[in-house]
2 protein chains.
Amino acid sequence: MKLDEAKQQFINSWGAFGTQWGINRTMAQIHALLLISTEPITQDDIMQQLSISRGNVNMNIRDLIGWGLIDRVVVQGERKEYFTADKDIWKVATQIIKERKKRELDPMLKLLGNLENIEDKKEKGAKEFLQVVGDIKKLSKHADSLLDIMIKAEENKFIGAVLKIFK
Amino acid sequence: MKLDEAKQQFINSWGAFGTQWGINRTMAQIHALLLISTEPITQDDIMQQLSISRGNVNMNIRDLIGWGLIDRVVVQGERKEYFTADKDIWKVATQIIKERKKRELDPMLKLLGNLENIEDKKEKGAKEFLQVVGDIKKLSKHADSLLDIMIKAEENKFIGAVLKIFK
DNA sequence: ATTAATTTTCATTATTTTCTGAAAATATAA
DNA sequence: TTATATTTTCAGAAAATAATGAAAATTAAT
């Protein structure tokens, strides 16, 4: 396989994987493109490389910045804005985990907490309902902790080493 | 909040969360409904409770069975089919992890392996590309191991205990 | 201050995904 | 076997999501 071909396949596949994870295909593709771009690139470069409109590029770039995955960079003597993505994949993963925790896990825990405050806990079926809700809450908290461990493991060699024992 | 209200909110929210994770809203709702149903229920029950068509119910049930999240059960003396969901949330999580590993992580590792076979590894930019691809591959393998640990932790108290140290 | 380049917004359009409902297939009972 | 109940399929409809492109806003240069 040629390098350009491989790059193209990487971008396309990344987009397809993104879709499965509930992420907009184009957003994933832009991220992929930036990951394998050695130099910062402009919105026009992205438009041209992915054959998409200016508006589309602009909106998705804004989202990616919101996710903390890409950054604007100023290129000396250039008027246009340039963009780069952090190439450190561990940091990328950590950042995604942090954001998803904030955007999804936290709201979920809040919801489950609310659902536990039902009026008549003696009512038929209440026990089973509270059991399921309680269990999901417990599991969510476990996941929360585990993700924190992963985030810490990125900086802490000791934890990383201990985790390896179980592999 | 009344129990019925809480149940309804659980179903709706579960559907919304599902959407964020790339899962069909209705499928998530059906799963939620089955999680909080104390007895097995029929397709007609689901149609009625969620106000959706027979075809929709049937297709999503088939998917949920494919995910290993729900089961058909035979009710003595009844002609209709009944369905239940496993209420053990740890098992549910484990099952989802197993399936996603199979459906997403494995194909991803295969793709990355292919991308490493580019013809001219001396070409300009090839080094950086291979670095990113290699790093993602490494990370995916780590994730793979970690998920295996989680699956094991479901059965193995010792691993669960060690993981707790870091919380 | 005026002009030109660049970015952002957002109403409209296109695409993708999901849902419906009726017909076909299958299974059970009479 | 024939009739009836139940499940499955799938073409077309509806809904949800994403993309376009041109106008508006912003920014920088002259």
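V73(B) stands opposite Y82(B), a residue of β2(B). This is a predicted model, where local features need pLDDT of at least 70, side-chain atom pairs count only at pLDDT 80 or more, and totals for chains, interfaces and linings use all residues. Residues are numbered from 1 along each chain as its sequence is written, and chains are lettered from A and ligands numbered from 1 in the order in which they are written.

Back to the strands. Strand β1 of chain B, residues 70-73, runs antiparallel to β2(B), and four bridges join them. Strands pair if DSSP finds at least two bridges between them. Elements here are DSSP runs, numbered from the N terminus: helices are H or I with at least four residues, strands are E with at least two.

Which side chains of β2(B) are buried? F83(B) and A85(B) are, and they point to one face. Y82(B) and T84(B) point to the other face and are not buried. The cut-offs: buried takes 20 or more other C-beta atoms within 10 Å of the residue's own, exposed takes 12 or fewer, partly exposed is in between, and C-beta atoms are placed from the backbone.

Now α2(B). Nine of its eleven residues are buried, so the helix is mostly covered. Among them are M27(B), Q29(B), H31(B) and L35(B).

Next, helix packing in chain A. Two packed helices are described by the angle between their axes and the distance between the axes. For α2(A), residues 25-35, and α4(A), the axes come within 9 Å and cross at roughly 75 degrees. That makes α2(A) roughly perpendicular to α4(A). Axes are lines fitted to C-alpha atoms, for helices over the stretch in contact, with angles from 0 to 180 degrees between N-to-C directions. Under 35 degrees is roughly parallel, over 145 roughly antiparallel, 65 to 115 roughly perpendicular, and the rest oblique.

Which residues of α2(A) make the contact? They are T26(A), M27(A), I30(A) and H31(A). From α4(A) come N56(A), N60(A), I61(A), D63(A) and L64(A). Contact means C-beta atoms, placed from the backbone, within 7 Å. By class, this contact has four nonpolar, four polar and one charged residues. Nonpolar covers Ala, Val, Leu, Ile, Met, Phe, Trp, Tyr, Cys and Pro; charged covers Asp, Glu, Lys and Arg; the others, Gly among them, are polar.

On to DNA. Near means a C-beta atom, placed from the backbone, within 6 Å of the molecule or strand. Strand C has 18 residues around it, and G55(A), E81(A), S53(B), G55(B) and N56(B) come nearest. α4(A) gives the most to that surface, with four residues. The classes there are two nonpolar, nine polar and seven charged.

Strand D has 19 residues around it, with S53(A), G55(A), N56(A), G55(B) and E81(B) nearest. Here α4(B) has the largest share, five residues. The division is two nonpolar, nine polar and eight charged.

The chain contact: 43 residues from chain B and 43 residues from chain A. On the side of chain B that touches chain A, α1 (3-20), α5 (89-115), α6 (126-155) and α7 (157-165) each supply at least two residues. α6(B) gives the most, ten residues. That side of chain B divides into 25 nonpolar, eight polar and ten charged.

Last, Q131(A). This residue lies in helix α6 of chain A, residues 126-155. Buried or partly exposed? Partly exposed, with 13 other C-beta atoms within 10 Å. Its C-alpha atom is separated by 24 Å from that of L147(A), 16 residues apart along the chain.

Methods
Contact = placed C-beta atoms within 7 Å.
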